[in-house]
Amino acid sequence: MKIDEIVSAGPVLPVVVLERAADAVPLARALLAGGISALEVTLRTAAALDSIRAIAAQVPEAMVGAGTVLSAADLDAAREAGAGFAVSPGATPELLKAARDGGLPLLPGVMTPSDVVAAVAAGYSTLKFFPAAQANGIAMLKALAGPFPQLRFCPTGGIDLAGAPEFLALPNVCCVGGSWVAPAALIERGDWTGIERLARQAQSLRS
Ligand code: 3PG
């Protein structure tokens, strides 16, 4: 799996928080049924790694990655669980190097030009822009296109169905990330049909 494959899978990369590993497979299947094949399961809960493991084993058509990766140890745990890629909210030189050395594709988080320069120096050209809405992402991404015309971004943070099109219309945006496609309340009550509907809406956005 390559990061370009992940960010080209569709206009929206769902950011998922799972409290129960038992929800992982039905969730991944609901997203797939709605047309979304790549998803990021955040390493924020005790169930995260088991959730990734379950999706990797039981839903092979899904491209499951680990989100909220903060360290080389997180990368190792994600890879061991079967994650095909990793996403981080920010990046250190150590994390950028560990992902490259370990061969797990990483979508590293950046927000400032210095973050971008560090990621480019480490060999990355597809980056997560986080937190997108809070950091005035539309204007920031337009400005970053000047000095960094070769880069592509997946803005994430504060984006929803209504806000996504403006980001997706930017030439340097390949997709957007967001948790709106898999809301905690719908996961909590097992409303997989509702999540499938949200996925279909998201998938119909154009990148
Ligand atoms: C996150 O890491 O929580 C993502 O950026 C998702 O942000 P959102 O909940 O604002 O979509």
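Buried means under 20% relative accessible area. The structure used in these exercises is a predicted model.

**Exercise 1. Classify Ala202 as buried or exposed, then describe its surroundings.**

Step 1. Find the element. Ala202 belongs to helix H10, which covers residues 192-203.

Step 2. Apply the cut-off. Ala202 has 0% relative accessibility, so it counts as buried.

Step 3. List the contacts. Leave out neighbours within four places in sequence. Ala202 then touches Pro11, Val12, Ile36, Leu161, Trp180 and Val181.

Step 4. Set sequence against space. Ala202 and Leu18 are 184 residues apart in sequence. From C-alpha to C-alpha, Ala202 and Leu18 are 20 Å apart.

**Exercise 2. Decide whether Thr126 is buried or exposed, and find the side chain that joins it in a polar contact.**

Step 1. Place the residue. Thr126 sits in strand E7, residues 126-129.

Step 2. Use the cut-off again. The relative accessible area of Thr126 is 6%, so Thr126 is buried.

Step 3. Look for the partner. The side chains of Thr126 and Asp4 are joined by a polar contact of 3.2 Å.

Step 4. Complete the list. Beyond four places in sequence, Thr126 is in contact with Ile3, Asp4, Val7, Leu107, Pro108, Arg152 and Cys174.

**Exercise 3. Describe the largest nonpolar core.**

Step 1. Recall the general trend. In soluble globular proteins, nonpolar side chains tend to be buried together.

Step 2. Count the members. The largest nonpolar core has 62 residues. Those that touch the most other members are Leu27, Leu39, Ile55, Phe153, Val176, Trp180 and Val181.

Step 3. Ask which element gives the largest share of this core. Helix H2 (residues 24-33) does, with six residues.

Step 4. Take one member. Not counting residues up to four places away in sequence, Leu27 touches Val16, Leu18, Leu39, Ala182, Ile187, Trp192 and Ile195.

Step 5. Look beyond this core. Another core, of 12 residues, lies apart from it. Its members include Ile3, Leu13, Phe85 and Cys175.

**Exercise 4. Describe the two largest pockets by volume and lining.**

Step 1. Start with the largest pocket. Its volume is about 340 Å³.

Step 2. Name the lining. There are 25 lining residues, and Val15, Val16, Val17, Arg44 and Ser179 lie nearest the centre. Strand E1 (12-16), strand E9 (176-178) and helix H9 (184-188) each give two or more residues. H9 supplies the largest share, three residues.

Step 3. Sort the lining by class. The largest pocket has 10 nonpolar, eight polar and seven charged lining residues.

Step 4. Turn to the second largest pocket. It holds about 260 Å³ of space. Of its 13 lining residues, Ile3, Pro105, Leu106, Gly123 and Tyr124 lie nearest the centre. Helix H1 (3-7) and helix H5 (93-102) each contribute two or more lining residues.

Step 5. Sort again. The second largest pocket is lined by six nonpolar, four polar and three charged residues.

**Exercise 5. Find how many cavities of 30 Å³ or more the structure holds, and describe the largest.**

Step 1. Count. The structure holds one such cavity.

Step 2. Give the volume. The largest cavity has about 50 Å³.

Step 3. Name the lining. Among the lining residues are Ile6, Val7, Val12, Leu13, Ile36, Cys175 and Gln203. H1 and E1 each supply at least two residues of this lining.

Step 4. Sort by class. The lining of the largest cavity has eight nonpolar and four polar residues, and no charged ones.

Notes
Residues numbered from 1 in each chain as written. Predicted model: local features only at pLDDT ≥ 70, side-chain atom pairs only at ≥ 80, totals over all residues. Heavy atoms only, no water. Core = buried A, V, L, I, M, F, W, Y, C linked by side-chain atoms within 4.5 Å. Buried < 20%, exposed > 50% of the residue type's maximum accessible area, 1.4 Å probe, protein only. Helix = DSSP H or I, 4+ residues; strand = E, 2+ residues; numbered from the N terminus. Contact = heavy atoms within 4.5 Å. 1 Å grid on protein atoms, 1.4 Å probe; cavity = no way out; pocket = protein on both sides within 12 Å on 5 of 7 lines; lining within 4 Å. Points joined across faces, edges and corners; volume = space filled by probe spheres on them. Nonpolar A, V, L, I, M, F, W, Y, C, P; charged D, E, K, R; others polar. Polar contact = N/O pair within 3.5 Å; in protein donor to acceptor, adjacent residues only side chain to side chain.
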